[in-house]
Amino acid sequence: MGTAGWRHRKNTEHCGEVDKEFLHELSARSRANRPGLDSCIDYLRDHDELYVASIDRLARSLVDLRGIIDQITAKGASVRFLKENLTFSRDSTDPRDTLMLSILGSFAEFERSIIRKRQAEGIALAKKAGKYKGRKRAISPEDLEKARRRVAAGESKVAIAKDLGVGRATLYRALSD
């Protein structure tokens, strides 16, 4: 039986010896764009144990949390949340643990929603005070003007975007402004 540790800026040293540790340094809103988590799940085999520091480190959405746990347990592996002392596996799931997962997962989702709301309110106040300028533009005004001239000359927008080091959609958006 192997063990894997999923760490997200939290220490999981007290879970015992771990065969492989997977780290993800960025906070995520959803399941998408989490290569560390995907690698971790791919690594898991039948009878492996995945140690996770806390429920909110694995997912911020109850739907994502349930989906990830189901995906792991379908492989025959188990998931153990250290902080909450909850374990989920294909063979045995205590209904009380499932209830606690739903409650704590809902709190994680609620907390994330509150954080996003406060962030939006803070940005609105900063904009009102003239202190928030937003994110730096991907294409400078000078490069945009050069791109417009190149497009007018018949050059491919895909080639222009590649030269500027931006995505095609970014260039299209900038040209339409």
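Entry 1, methionine 100. I looked up how far methionine 100 is covered in this predicted model, and I found a relative accessible area of 35%. I noted the residue as partly exposed, because that value lies between the 20% under which a residue counts as buried and the 50% over which a residue counts as exposed. I then looked for its place in the fold and found methionine 100 in helix H4, which covers residues 95-128.

Entry 2, the surface around it. I asked myself which residues make the nonpolar surface patch with Met100. I wrote down Leu99, Ile103, Phe107 and Phe110 as the other members, and I recorded an area of about 500 Å² for the patch.

Entry 3, aspartate 97. I found that aspartate 97, too, has its place in helix H4. Leaving out residues up to four places away in sequence, I listed Leu86, Thr87 and Phe88 as the residues that aspartate 97 touches. I also looked up aspartate 97 against glutamate 84, and the two are 13 residues apart in sequence, with 9.6 Å between their C-alpha atoms.

Entry 4, the largest pocket. I turned next to the largest pocket, for which I noted about 320 Å³ of space. Its lining, as I copied it out, consists of Arg135, Lys136, Arg137, Ala138, Ile139, Ser140, Pro141, Leu144, Thr170, Arg173, Ala174 and Asp177. Which elements give two or more residues to this lining? I found helix H5 (141-152) and helix H7 (168-176), and I added that H7 supplies the largest share of the lining, three residues.

Methods: Residues numbered from 1 in each chain as written. Predicted model: local features only at pLDDT ≥ 70, side-chain atom pairs only at ≥ 80, totals over all residues. Heavy atoms only, no water. Patch = residues over 30% accessible without salt bridge, like charges linked within 9 Å, V, L, I, M, F, W, Y side chains within 5 Å. Areas by Shrake-Rupley, 256 points an atom, 1.4 Å probe, with all protein chains shown as cover. Salt bridge = Lys/Arg side-chain N within 4 Å of Asp/Glu carboxyl O. Helix = DSSP H or I, 4+ residues; strand = E, 2+ residues; numbered from the N terminus. Buried < 20%, exposed > 50% of the residue type's maximum accessible area, 1.4 Å probe, protein only. Contact = heavy atoms within 4.5 Å. 1 Å grid on protein atoms, 1.4 Å probe; cavity = no way out; pocket = protein on both sides within 12 Å on 5 of 7 lines; lining within 4 Å. Points joined across faces, edges and corners; volume = space filled by probe spheres on them.
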